[in-house]
Amino acid sequence: MTVTAASPALLHAVGDRALTWLDNHREHFRLTAGDLADNVAVTERLKPIGELALNMQVLFREGVAGSRQKARAGQLLDFAWRELLDGGNVLARLQQDEPLSPVPVEVYATFHELGHRHPGLEATLEVCRRTATWATLEMVPNRRLGVLNAERKLGLPPSSDFDQAMARTWLGQLAEPWTVQLHIAYDITHTVFHLTNWGEAPERIPPAVADYLTRYLPAWLEDWADLEHWDLLGELLVVDACLPRPALDAQLWERYAAAQSPEGAMPIHQQMPRGDAAQVFDQVHHPTLVAAFASAMATSRAMSAV
């Protein structure tokens, strides 16, 4: 069956709307005084901040942002580093309090690549990485890839072997495609993200893995589109954009775009939730960040094919 690729205009519009919503709701990313007093809360609140930075980095890297988008993305990055993270002090304090947590280093790695530095955090991290526990702390394989990719972004020697970590993942094992369910599907997408440094180096996907994804990804995309799980569908669309010959399926992208709210937010599942603005933000910020990421990657691949 012949698949028609989505137009660059459609792909770009999804990301433009998502970025507008994220910028308009930037204050909801802010950590409260109560959050800062609780390391568990800080860790939870750092995840969307790190994802925001990653998305803005991808937008710049892929070169698909117009002048208005570039300005907005730059302002969001500055806001995230200076105001949300207090110039990196929030990350440094968490690394001191939770020396074995990989979260501060993973968030910091993105800002480091963008030119931001926090010497205190780097000194603490150096001490943490000297421990045997840093390399042997048990975590699921795709999380280990995340730590190794962060170390690579920081220019640090890897704490363990990347290829071995990849081989331990579900995707690295080329497991039975019919066993994929929600959590396995998310593991697949994050394995690809860490392997390719969030889409920067698709060529890092081993040929056998790329062939496996090319064969089975279309069925997974159709399944999650039929279930209207827009968050996971968006992540799988990023995986498609990382393949040697991405499909950029127009029908799937049209369904995905139609699920987006007029304001630019993407629901996680089925329709947009209603209620308090802060609660709605907590439910939809991730799928909206994913929409911005998927748009940047897909638009870049579509433009390179023109």
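Where does threonine 124 have its place? Select it and you land in helix H7, which spans residues 119–129. Keep in mind as you click around that this is a predicted model.

With threonine 124 still selected, check its exposure: the relative accessible area is 17%, and the cut-off for buried is under 20%, so this residue counts as buried. Now show its contacts. Skip the neighbours within four places in sequence, and you'll find threonine 124 touching Gln95 and Gln96.

Stay in helix H7 a moment longer by way of the cysteines. Pick cysteine 128, which is buried at a relative accessible area of 5%. Then jump to cysteine 242, also buried, with 1% relative accessibility. Don't bother hunting for a bridge, though: a search of the whole structure turns up 0 disulfides.

Next, the aromatics. How many aromatic pairs does the count come to? There are 12. Start with tryptophan 81 and phenylalanine 111: the ring centres are 5.2 Å apart and the planes meet at 40 degrees, so this pair is tilted. Colour by helix and you'll see tryptophan 81 in helix H4 (residues 67–84) and phenylalanine 111 in helix H6 (residues 103–113), so the pair ties together parts that are 30 residues apart in sequence. As for exposure, tryptophan 81 is buried with a relative accessible area of 5%, and phenylalanine 111 is buried with 0%.

Now move along to tryptophan 253 and tyrosine 256. Here the centres are 5.4 Å apart and the planes stand at 85 degrees, so call this pair edge-to-face. Both residues belong to helix H14 (residues 250–259), where they are 3 residues apart, or about one turn of the helix. Are they buried or exposed? Tryptophan 253 is buried at 0% relative accessibility, and tyrosine 256 is likewise buried at 0%.

For a bigger selection, grab Trp170, Tyr212, Tyr216 and Trp220 together: they form one aromatic cluster.

Last stop: charges over rings. Select arginine 26 and phenylalanine 79, and look for the charged end of the arginine sitting over the ring, 4.9 Å from its centre. Then try arginine 152 with phenylalanine 162, where the arginine lies over the face of the ring at 4.7 Å from the ring centre.

Note on methods:
Residues are numbered from 1 along each chain as its sequence is written. This is a predicted model: local features need pLDDT of at least 70, side-chain atom pairs count only at pLDDT 80 or more; totals for chains, interfaces and linings use all residues. Side-chain values use heavy atoms; hydrogens and water are left out. Helices (H or I, at least four residues) and strands (E, at least two) are DSSP runs, numbered from the N terminus. Buried means under 20% relative accessible area, exposed over 50%, partly exposed in between (1.4 Å probe, protein chains only). Contact means heavy atoms within 4.5 Å. Rings of Phe, Tyr and Trp (its six-membered ring) pair if their centres lie within 6.5 Å; planes under 30 degrees apart count as stacked, over 60 as edge-to-face and the rest as tilted. A charge sits over a ring if NZ of Lys or CZ of Arg is within 6 Å of the ring centre and within 35 degrees of the ring normal. A disulfide is a pair of cysteine sulfur atoms within 2.5 Å.
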